[in-house]
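Reader: I'd like to go through the reasoning behind the labels on this one. Can you walk me through it?

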Amino acid sequence: MKSSRAAWWFLAPLLCLVAVFAIYPLVRMLVLSFTTQNLETQFAPVFAGAANYQRAWHDSHFWETVLRTLVFTVTAVGLELLLGLAAALALHHSFVGRGLARTAALVPWVLPSSALALGWIWIFNDQFGVLNDLLQRGGLLSSPVAWLGHPGSAFAAVILADVWKTTPFLTLLLLAGLQTIPTELYAASALDGASRWQQFRHITLPLLRPVIFVAVLFRTLQSFGIFDLVYVMTGGGPGGATETVALYTYRNFMRYLDFGYGAALLVISSGILALLTAALWLLVGRGRSLS
Amino acid sequence: MKRLPIRLVSVLLLTGFLAWCLAPLWWQFVTSLKSDAEITTVPPTYWPHRLTTDHYAALFERRPFGRYLWNSFFISTGATLLCLAVATPAAYSLARLRPKGGRAVAALLIAVSLFPAITFFFPLYEMVRFLGLANHPISLIVPYATFNLPLAVLFLVAFFRTIPPAIEEAGLMDGLGRLGILTRLILPLSAPGLATTAILVFIASWNEFLLALTFLPRDEARTVTVAIASLSGGSIYELPWGQIGAAILLSAAPLLVLVAFFQRRIVAGLTQSATTG
């Protein structure tokens, strides 16, 4: 009895902080989404029922950003997983400089995204950029390209920047996962005449699935909410070609000062995130609890 | 004889991996050491003809870059200390005192950590405005500490479980209360776990962008991640690339030092949640 009371005293500061600075904001967003609070109402909250949601439903610009963010997320996380898995398998079997590889892998992960975004602008620069120079030297490009000046290439550039930053992180997670697989399994299956591919398909992949699920879930949520990299690298441009949900929502709050509508967009995005989580759960994570 | 090619292949793989990880930052480093004239030569030079530290000096002489670094350091340190102070007793409670409903608390923490920062920023901004705390470091310290609680608590719970319970039983015998056991017996044994948590929280706080962008409108109050994004020259067509390169290096420097010294800890901290869970 006494011990249980102590237990809750120890949890009290945590619960206070979480309640005030995490739970309250979530509730506040939900409430705000049912009001109109903008320039027209002189920032006084006016109950609006589902008007914000109806407006969002017909806001084709919003749904374009949702679709774009989904394409971004699927492409970026897919590439990261493929590259990360390949790198992890390669590094797992190599004994040279694993510590060095681990330190290097932390460099992209640790860099501030906003700083990194500026770095990429410079690398992708049309006149003086190093990427154009390298591609021209390699004979892959005949004249310089303004990578961030065209919708398609700007979108690809943002994906590349994101893949660069997060692949090493995924590599580290998968490498740690690989190290938990007992080597006897491979030895035994080799005796049974299993090929390298069969071993990968029937031992490595199934045993790695829990790690892949956590990594992909974490990356999907992060990627769908991406803000800083895009905000600094392209500002959503050119012509809105790289505008993500978070950027559009931020604009509704801080530029259009349309708080009720911004809140509704956030609630809808959270719903989409919940659907994504459920989809991932069904695809990869079945049979495993989150904690 | 067969080992040689395998060795060669793994060296090549490693080199490729290192190049992928380091090249973009390396290019900023090279740029930051070039003169303005050399930065705008076509084709670009891959190592400066003449090394210069002018861009680094300019950041401190012509801009309050030292101030930005200090702001980031102060806010990140404050957030780290607050986060640890709150997470440590909570994690101890969940790991050892196991109150009824403890699992619900852990589930709540995980649920909260799934939302991106943009979900929280506006209500927090309202609070900051209401309390008149815009531009004040506390407006970021408290939210950063809160956002990092899930990671800190879950990591520390796992760490506390590795400490033998016999130590606490001895403490109870000696008449120490739960608080005494935590501060006198558990904490001294937990230095490694606390250090790992502190490093991860510090890095996350240093790198946060969205709240820092919104809550600190005044230039001298800015953190380095936001200040760097607003570096500009006379017009958008003449961005000071040398200074930007130098600023990128400097904004990353404290974190690179942490990575260099605590590589093992950081990797262990990052991978633990995904592999043991």
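Author: Happy to, starting with a definition: an angle over 145 degrees between two helix axes counts as roughly antiparallel. Keep in mind that this is a predicted model.

Reader: What makes α7(A) and α9(A) roughly antiparallel to each other?

Author: The axes of helix α7 (residues 151-179) and helix α9 (residues 196-224) of chain A cross at roughly 160 degrees. The cut-off is over 145 degrees, so α7(A) and α9(A) are called roughly antiparallel. Their axes also come within 9 Å, and the crossing is right-handed.

Reader: Which residues meet where α7(A) and α9(A) touch?

Author: From α7(A) you have A:Asp162, A:Thr166, A:Leu170, A:Leu173, A:Leu174, A:Gly177 and A:Leu178. On the α9(A) side they meet A:Leu208, A:Val211, A:Ala215, A:Arg219 and A:Ser223. Sorted by class, that contact has 7 nonpolar, 3 polar and 2 charged residues.

Reader: Why are α9(B) and α10(B) called oblique to each other?

Author: Helix α9 (residues 166-173) and helix α10 (residues 178-189) of chain B pack at an angle of about 125 degrees. Roughly perpendicular covers 65 to 115 degrees and roughly antiparallel begins over 145. An angle of about 125 degrees fits neither range, so the pair is oblique. The axes of α9(B) and α10(B) are 10 Å apart, and α9(B) passes α10(B) in a right-handed crossing.

Reader: Which residues make the contact between α9(B) and α10(B)?

Author: B:Ile167, B:Glu168 and B:Gly171 come from α9(B), while α10(B) brings B:Gly180, B:Ile181 and B:Leu185. They split into 3 nonpolar, 2 polar and 1 charged.

Reader: How do you know whether B:Ile228 is buried or exposed?

Author: Count the neighbours: B:Ile228 has 28 other C-beta atoms within 10 Å. Being buried takes 20 or more, so B:Ile228 counts as buried. B:Ile228 belongs to helix α13 (residues 224-229) of chain B.

Reader: What is B:Ile228 in contact with, leaving aside its neighbours within four places in sequence?

Author: Residues of both chains: A:Ser114, A:Ala115 and A:Leu118, plus B:Ala247, B:Ile248 and B:Ser251. Take B:Ile248 from that list: B:Ile228 and B:Ile248 are 20 residues apart in sequence, with 7.5 Å between their C-alpha atoms.

Reader: And B:Trp20, what makes that one partly exposed?

Author: B:Trp20 has 17 other C-beta atoms within 10 Å. Exposed would need 12 or fewer and buried 20 or more, so B:Trp20 falls in between and is partly exposed. B:Trp20 sits in helix α1 of chain B. From B:Trp20 to B:Pro89, 69 residues apart along the chain, the C-alpha separation is 41 Å.

Reader: Why is helix α5 of chain A described as largely enclosed by the rest of the structure?

Author: In helix α5 (residues 113-123) of chain A, 11 of the 11 residues are buried, so the helix is largely enclosed. Among them are A:Ser114, A:Ala115 and A:Leu118, which are also contacts of B:Ile228. A:Trp120 and A:Trp122 are on the buried list too. Across chain A, buried residues make up 43% of its 291 residues.

Reader: What does chain A contain in the way of helices and strands?

Author: Chain A has 12 helices and 2 strands. The pattern along the sequence is α-β-β-α-α-α-α-α-α-α-α-α-α-α. The C-alpha trace of chain A spans about 75 × 75 × 30 Å along its principal axes.

Reader: How many residues does each chain give to the contact between chain A and chain B?

Author: Chain B gives 75 residues and chain A gives 73. On the side of chain B, helix α14 (residues 241-276) supplies the largest share, 16 residues. That side divides into 58 nonpolar, 15 polar and 2 charged residues.

Reader: Where do the domains of chain B begin and end?

Author: Domain 1 of chain B runs 1-52 and domain 2 runs 65-276. Their C-alpha centres lie 33 Å apart. The contact takes 7 residues from domain 1 and 6 residues from domain 2 of chain B. On the domain 1 side, α1(B) gives the most, with 4 residues.

Note on methods: Residues numbered from 1 in each chain as written. Chains lettered and ligands numbered in written order. Predicted model: local features only at pLDDT ≥ 70, side-chain atom pairs only at ≥ 80, totals over all residues. Domains from an automatic or database assignment. Contact = placed C-beta atoms within 7 Å. Nonpolar A, V, L, I, M, F, W, Y, C, P; charged D, E, K, R; others polar. Axes fitted to C-alpha atoms, helices over the stretch in contact; angles between N-to-C directions. Parallel < 35°, antiparallel > 145°, perpendicular 65-115°, else oblique. Left-handed = near helix turned anticlockwise from the far one by under 90°.
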